[in-house]
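The following exercises concern the sequence and the three-dimensional model shown below. Please attempt each task before reading its solution.

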Amino acid sequence: MALSQRNCVVLLVFVAAVCMELYQAQIVLGRCSCPVTIKFIKGNFSDFQVLERRPGCDKTELVSENSTERICLNTMGNLAKAFLKCWERINKDESRKMECIERKRKADDRTSED
């Protein structure tokens, strides 16, 4: 069964419209990974992740991880600001993230000695 040229154009336009709707449905504002944040973490953590602004979330997010949980840090807090500054200083190099974690550990050690 052959489609006429007009029917092919109509079908193509319909498919394009459906694809555009599905694409736009993927971008939902307010879908950040961290609905709740805290300003400070006691204790050590093994990793962190910086989630840059992206479609669906208009803010940078900082997620710290230890062996049992993931914690979202408030990026307005001093701890998060220090991590984000370190992240920029190491040029967002995943392989150098431990440098930032070690800085936090040293700062915690100095604070606990006081």
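**Exercise 1.** Determine which cysteine is joined to Cys86 by a disulfide, and which elements the link ties together.

*Solution.* Step 1: the sulfur atoms of Cys86 and Cys100 lie 2.0 Å apart, and the two residues form a disulfide (a pair of cysteine sulfur atoms within 2.5 Å). Step 2: Cys86 belongs to helix H2 and Cys100 to helix H3, so the link ties together parts 14 residues apart in sequence. Step 3: the angle about the S-S bond is -95°, and the link of Cys86 and Cys100 is left-handed. Step 4: Cys86 is buried, at a relative accessible area of 2%, and Cys100 is buried, at 3%.

Some conventions apply throughout. The model is predicted, with local features requiring pLDDT of at least 70 and side-chain atom pairs counting only at pLDDT 80 or more, whereas totals for chains, interfaces and linings use all residues. Residues are numbered from 1 along each chain as its sequence is written, and side-chain values use heavy atoms, leaving out hydrogens and water. Buried means under 20% relative accessible area, exposed over 50%, and partly exposed in between (1.4 Å probe, protein chains only). Helices (H or I, at least four residues) and strands (E, at least two) are DSSP runs numbered from the N terminus.

**Exercise 2.** State how many disulfides the structure holds, and describe those not yet treated.

*Solution.* Step 1: the structure holds three disulfides. Step 2: Cys32 is joined to Cys57, with an S to S distance of 2.0 Å; the angle of 100° about the S-S bond makes this link right-handed. Cys32 lies in the loop between helix H1 (5-26) and E1, and Cys57 in the loop between E1 and strand E2 (61-65), so parts 25 residues apart in sequence are tied together. Cys32 counts as partly exposed at 23% relative accessibility, whereas Cys57 counts as buried at 2%. Step 3: Cys34 and Cys72 form a disulfide with their sulfur atoms 2.1 Å apart, and the link is left-handed, with -70° about the S-S bond. Cys34 lies in the loop between H1 and E1 and Cys72 in strand E3, so this pair ties together parts 38 residues apart in sequence. Both Cys34 and Cys72 are buried. Step 4: with bonded cysteines counted along the chain, the pattern is 1-3, 2-4, 5-6.

**Exercise 3.** Describe the sheet and the packing of H2 on it.

*Solution.* Step 1: three strands form an open sheet in the order E1-E2-E3, with antiparallel pairing (strands pair if DSSP finds at least two bridges between them). Step 2: E1 and E3 stand at the edges with a single partner strand each, so one side of each lacks a neighbour in the sheet. Step 3: five bridges join E1 to E2, and Asp47 has Glu65 in E2 as its bridge partner. Step 4: H2 packs on the sheet and touches E1, E2 and E3, its direction making about 80° with that of E1. Contact means heavy atoms within 4.5 Å; axes are lines fitted to C-alpha atoms, for helices over the stretch in contact, and angles run from 0 to 180 degrees between N-to-C directions.

**Exercise 4.** Identify which element gives the most residues to the largest nonpolar core.

*Solution.* Step 1: the largest nonpolar core has 15 residues, and those with the most contacts inside it include Phe45, Phe83 and Cys100. Such a core is a set of buried Ala, Val, Leu, Ile, Met, Phe, Trp, Tyr and Cys residues joined through side-chain atoms within 4.5 Å. Step 2: strand E1 (47-51), strand E3 (70-73), helix H2 (78-89) and helix H3 (97-113) each supply at least two residues of this core. Step 3: H2 gives the most, with five residues.
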